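User: I've got this model open and want to know what sits behind the labels people put on it. Can you take me through a few?

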Amino acid sequence: MEYLVQPGGSLRGRIRVPGDKSISHRSVILGALAEGVTEVSGLLEGADVLATIAAFRAMGVQIEGPENGRLRIHGVGLHGLQAPSEPLDCGNSGTAMRLLAGVMAGQRFASTLMGDESLQRRPMGRVIDPLRSMGAKIDAQGGKAPLHVDGAPLHGIDYTLPMASAQVKSAILLAGLYADGKTCVSEPAPTRDHSERMLRGFGYAVEQESLRACLHGGGRLSGQSIDVPADISSATFFLLGASIAPDSDLLLENVGINPTRTGVIEILTRMGARIDLTQLREVGGEPVADIRVRSGKLRGIAIPPRLVPLAIDEFPAIFIAAACAEGQTRVSGAEELRVKESDRIAVMARGLCSLGIAIEETVDGAVIHGGELQGGTVDSHGDHRIAMSFAMAALRAQSAIEIRDCANVATSFPNFPELSRQAGLHLQEFDK
Ligand code: S3P
């Protein structure tokens, strides 16, 4: 699948982007492990979340839907999963694989977690090591997928994460549900806390100080209703597009604004973007707002490293914003970008360079010199967020941008082409 995006245009109107991917995964996992029924609305029906749903179905959990973002999960309780007869396919999803690794470690049966080419390149040692120190039996060649997990009795640990990773934190906490005693995770910087919030929502006690979360094994989860807010990471493409395109004025409805996710708003605002939050409210333990964004004149900044984990999935879009800004933007402390769905520093640098933007890569970031975007062809390397970011870049390009390898947009934002056209982007899809 490729995109061809004609230059120019503006983004206007009112749209609702799909449900939050992180919260959607967690609602399926906790719903399956809970006692009783969990009803989910606003679920992201993207390929990543569908992989998590399929994994629990393969372990005997009855799940109705998804239909119009609704899902009904008949939870089997923490000890009610059945051994799957085949490997569990996590597709492109690091979240599915890492969180499931935590769950599978505590079962009484063996399982295999596999994934696509991109997922097989991503580091899994970061979950394998702490899980092994809890007693888990996991085999993985070179610390990469597939993971062969043999269920084993687990014991609690007190673990300090070597990197800021919500997936690793969540994997350990999920394994902690099965562990003897207390499991604690400390993180070097705040990362998304949806697992901690949702565990509490399911009636499970989680002690939380600023950078440390603890729970005791042996409790139980009770089925809940979950209303998933729109994904701020998907909203980001529109925050970018409306900021860089003249005459734009767009309202994004019902977006999750959990403070562990709003780094992009702070970064774009510091760059001069005009972003206003309205209708602030709380839905199911998560803060939500409508976000209005209008065209702005962006300027380059040095992005404070403390904001990096709070905007970790938004850097492809931030790189495009930087390319459209006056002056230079410096990204540092962002080495985690190299182990996402692609090496996002390298792939963004290559793409921007082919559109005529000067960019220097560093080990942990880049220096991007704002300039004039030319048209041209960009390879997304199968990375959904890179494909969508370059699609928005066309709003400010001199001629059309062709983007290769866009099929994975369906992992997180299946209706991106329609919704972006509805807002004013001149995007066509075609198979080559
Ligand atoms: C996620 C955590 C982040 C993020 C990913 C989703 C999650 O990954 O990049 O898209 O749902 O916990 P890391 O834990 O690798 O930082």
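User: What makes Asp313 a polar contact of the ligand?

Analyst: A polar contact is a pair of N or O atoms within 3.5 Å. In this predicted model, a polar side-chain atom of Asp313 lies 2.6 Å from an oxygen atom of the ligand, so the pair meets that cut-off. Backbone atoms join in too: a polar one of Ala166 is 3.1 Å from a ligand oxygen, and one of Gln167 is 2.8 Å from a ligand oxygen. The protein buries 95% of the 380 Å² that the ligand exposes when taken alone (Shrake-Rupley areas, 1.4 Å probe).

User: How sure can I be of such pairs, and how are residues counted?

Analyst: Since the model is predicted, local features need pLDDT of at least 70 and side-chain atom pairs 80 or more, while totals for chains, interfaces and linings use all residues. Numbering starts from 1 along each chain as its sequence is written, and side-chain values use heavy atoms, leaving out hydrogens and water.

User: Why are β14 and β15 called paired?

Analyst: Strands are DSSP runs of E, at least two residues long, and two of them pair if DSSP finds at least two bridges between them. Strand β14 and β15 (residues 212-216) have three bridges, in the antiparallel sense, so they pass. Across that pairing, Glu209 stands opposite Arg212 in β15.

User: What makes β11 and β14 edge strands?

Analyst: Each pairs on one side only: that goes for β11 (158-160) and β14 (207-209). The open, mixed sheet runs in the order β11-β13-β15-β14, which puts those two at its ends.

Note on methods:
Helices (H or I, at least four residues) and strands (E, at least two) are DSSP runs, numbered from the N terminus. A polar contact is a pair of N or O atoms within 3.5 Å; within protein, one must be able to donate a hydrogen and the other to accept it, and residues adjacent in sequence count only if both atoms are side-chain atoms.
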